[in-house]
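Please take me on a guided tour of this protein. I have it open in my viewer, so tell me what to select next and what I will find there.

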Amino acid sequence: MDTTLPKQLIDTLPGRLLITDTRSKVIYANQAISDWTGFATAEIIGKKPGELWGGRMPKGFYGDMWQTLREKQLPFV
């Protein structure tokens, strides 16, 4: 299956899109994430978001986020 076209479409979306695996390591970041953070996509992939730009939200935010992602297995927006 050719995934080039869907990736090109996602890469050009105006919104930020970050996808992690179950260990919270980034497996995809679109260009908007790179523009917003100042990190090149290659620097983002394989790292945990918290290693790059985390710790700026209240502790409760992270608790809610990880409960939603890990336990409820729902997207967190």
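Start by selecting Thr20 and Val26: Thr20 stands opposite Val26, which belongs to strand β2. Keep in mind as you look around that this is a predicted model.

Now widen the selection to the two strands. Choose residues 18-20 for strand β1 and residues 26-29 for strand β2. The two pair in the antiparallel sense, and three bridges join them.

Next, follow the chain from one strand to the other. Five residues lie between β1 and β2, and the two strands form a hairpin. Click on Ser24 in the turn: its phi is positive, at about 70 degrees.

Time to switch on the cartoon view for the whole protein. How many helices and strands does the protein have? There are five helices and two strands. Trace them along the sequence and you will read the pattern α-β-β-α-α-α-α, so named from the DSSP runs of helix and strand.

Zoom out for the overall dimensions. Along the principal axes, the C-alpha atoms fill a box of roughly 40 × 30 × 20 Å.

Now show the surface. The accessible surface comes to about 5,900 Å², and carbon and sulfur atoms account for 59% of that area. Of the 77 residues in the protein, 19% are buried.

For a last stop, color the charges. The protein has 10 positive and 8 negative charges. Where do their mean positions lie relative to each other? The two mean positions are 7 Å apart.

Conventions. Residues numbered from 1 in each chain as written. Predicted model: local features only at pLDDT ≥ 70, side-chain atom pairs only at ≥ 80, totals over all residues. Heavy atoms only, no water. Pairing = 2+ DSSP bridges. Helix = DSSP H or I, 4+ residues; strand = E, 2+ residues; numbered from the N terminus. Buried < 20%, exposed > 50% of the residue type's maximum accessible area, 1.4 Å probe, protein only. Areas by Shrake-Rupley, 256 points an atom, 1.4 Å probe, with all protein chains shown as cover. Lys, Arg positive; Asp, Glu negative; His and termini not counted. Charge placed at Lys NZ, Arg CZ, Asp CG, Glu CD.
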